[in-house]
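Work through the exercises below with the structure open beside the text. Try each task before reading its solution.

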Amino acid sequence: MTLEHVKTLKMSDDVLAVKCSPDSRLLAVALLDTTVKVFYADTLKFFLSLYGHKLPVVSLDISSDSTLLVTGSADKSVKLWGLDFGDCHRSILAHQEPVTAVRFVWGTHYFFSAGKDKLVQQWNGDNFQRIQRLEGCHGDVWALAVAKHGNFIVASSQDRSIRIWEKTEEPLFIEEERERELEEMYDRGLEESLDRPEQAADGAEEGDETQRAGKATMETLKAGERIMEALEIADEERRKWAAFEDQKRRMPQLNPAPPDTNPILQFERITPEAYVLRTVERVRAADLEDALLVLPFTHVLSLMSYIDHWACREWNTALTCRVLFFMLKTHQNQIVATRAMRAQLASIRTHLRAGVRAQRDYVGYNLAALQSLRADWEANATAEFFDEKDIQGILDAQLKKRKFTGLKA
């Protein structure tokens, strides 16, 4: 069959993309002036003008029922248009880089989009939700093809590859996809924070070399979550027993039953205060300060009450001091502004000073004992060495003794 040129339609600007509707009724043309013109295919008579993109449209497609038009633009957005009145159904910021290709799945309103952010994504054209995201390309995705019934899709990338994704029998749940994407975003945020230097503390002088060079990692975040979980468990246990003691004091005739202990505390036979301390002790020393940064201020207030209890009982005074000093340095403004913290801070100061004083005496006594043992060992295990000439001189001196002789007249 031969082709014959029969008509020419002059446009007002450069043509970037063109698409004919499946029913052969309409012809959509994307121009460099960021608009999309729709003409009747048989007479080339003007029908609709679609405008709304901020940058030129580089790809477009029409659904199989010829009711929806999807456009992908260099402004990173995808727009859905109705071909009956030319109204914009929805504008979606689909990619982080310019969109390069959009394609409908035959018989549905599902469509795929590809962009320079190395991603291929599937969308629902009815409820405008993203269904899934396909990764694997290592360069800009320039072209996209979808099988007629959506059994597979093909994408060509700037990395000189053509990748094929096939449809499987495994069901897809949008909620699970959202959770997976949120986890990936969370991990990417951690990686970016690793490459970003820590901001200097408020009031720090320029060139100060004593600032902490900490980094937020997955380990420190998990440690912070464990500390928060321990605080919540301990707070709930303390509230239950406080309510029980109050009820027993107000109504002793009822003889109320004691509350059920948390299974974790009951299994390990440990008090809530000791459970929180043990959780903090299990955090690596290098990750402790970064883990404490994760705590919100409400958990910081709760942790301060446990610090007071640790100081009163003199439990791990060194760790208690480290946690307290870091909390005060980090949340100084909020703690000072909290009036209810004043009495607690005074109690912590009294108990902690007594504990530090006891630790100082304990360390001083041990140092004195070690110095005594060292002096005793040096006295018993040190030998004196003399030169051979000195030894001979000592022996000659011992042989020369004074002699007494008698004299006769």
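**Exercise 1.** Decide whether Ser 66 is buried or exposed, and state where Ser 66 lies.

Solution. The model is a predicted one. Step 1: the relative accessible area of Ser 66 is 8%. Step 2: buried means under 20%, so Ser 66 is buried. Step 3: Ser 66 belongs to the loop between β5 (57-62) and β6 (68-73). Step 4: although Ser 66 is not a glycine, its phi is positive, at about 60°.

**Exercise 2.** Do the same for Asn 316: find its loop and its degree of exposure.

Solution. Step 1: Asn 316 is found in the loop between α6 and α7. Step 2: its phi is positive, about 45°, although Asn 316 is not a glycine. Step 3: the relative accessible area is 33%. Partly exposed residues lie between the 20% and 50% limits, so Asn 316 is partly exposed.

**Exercise 3.** Describe the surroundings of Asn 124: which residues does it touch, not counting residues up to four places away in sequence?

Solution. Step 1: Asn 124 is part of strand β11 (residues 120-124). Step 2: with a relative accessible area of 13%, Asn 124 is buried. Step 3: leaving out residues up to four places away in sequence, Asn 124 touches His 109, Tyr 110, Gln 129 and Ile 131. Step 4: Thr 108 is 16 residues from Asn 124 along the chain, and their C-alpha atoms are separated by 9.0 Å.

**Exercise 4.** Classify how α2 packs against α4.

Solution. Two packed helices are described by the angle between their axes and the distance between the axes. Step 1: for α2 and α4 the angle is about 175° and the axes are 9 Å apart. Step 2: angles over 145 degrees count as roughly antiparallel, so α2 is roughly antiparallel to α4. Step 3: from α2, the residues that meet α4 include Ile 227, Ala 230 and Leu 231; on the α4 side, Tyr 275 and Val 276 are among them. Step 4: the residues of this contact divide into nine nonpolar, one polar and four charged.

**Exercise 5.** Classify how α2 packs against α6.

Solution. Step 1: the axes of helix α2 (residues 218-250) and helix α6 (residues 297-313) come within 10 Å and cross at roughly 65°. Step 2: the range for roughly perpendicular is 65 to 115 degrees, and α2 and α6 are therefore roughly perpendicular to each other. Step 3: the crossing of α2 past α6 is left-handed. Step 4: the contact includes Met 228, Leu 231 and Arg 238 of α2, and Leu 303 and Tyr 306 of α6. Step 5: its residues are five nonpolar, three polar and three charged.

**Exercise 6.** Which helices each supply at least two residues of the largest nonpolar core?

Solution. Step 1: the largest nonpolar core has 30 residues, and Leu 292, Leu 303 and Val 323 have the most contacts inside it. Step 2: at least two residues of this core come from each of α2, α4 (272-281), α5 (288-293), α6, α7 (317-330) and α9 (341-381). Step 3: α6 gives the largest share, seven residues. Step 4: Leu 303 touches, among others, Leu 231, Val 276, Leu 292 and Val 323. Step 5: apart from this core lies another, of 14 residues, including Ala 17, Leu 26, Leu 69 and Trp 81.

Key:
Residues numbered from 1 in each chain as written. Predicted model: local features only at pLDDT ≥ 70, side-chain atom pairs only at ≥ 80, totals over all residues. Heavy atoms only, no water. Axes fitted to C-alpha atoms, helices over the stretch in contact; angles between N-to-C directions. Helix = DSSP H or I, 4+ residues; strand = E, 2+ residues; numbered from the N terminus. Parallel < 35°, antiparallel > 145°, perpendicular 65-115°, else oblique. Left-handed = near helix turned anticlockwise from the far one by under 90°. Contact = heavy atoms within 4.5 Å. Nonpolar A, V, L, I, M, F, W, Y, C, P; charged D, E, K, R; others polar. Core = buried A, V, L, I, M, F, W, Y, C linked by side-chain atoms within 4.5 Å. Buried < 20%, exposed > 50% of the residue type's maximum accessible area, 1.4 Å probe, protein only.
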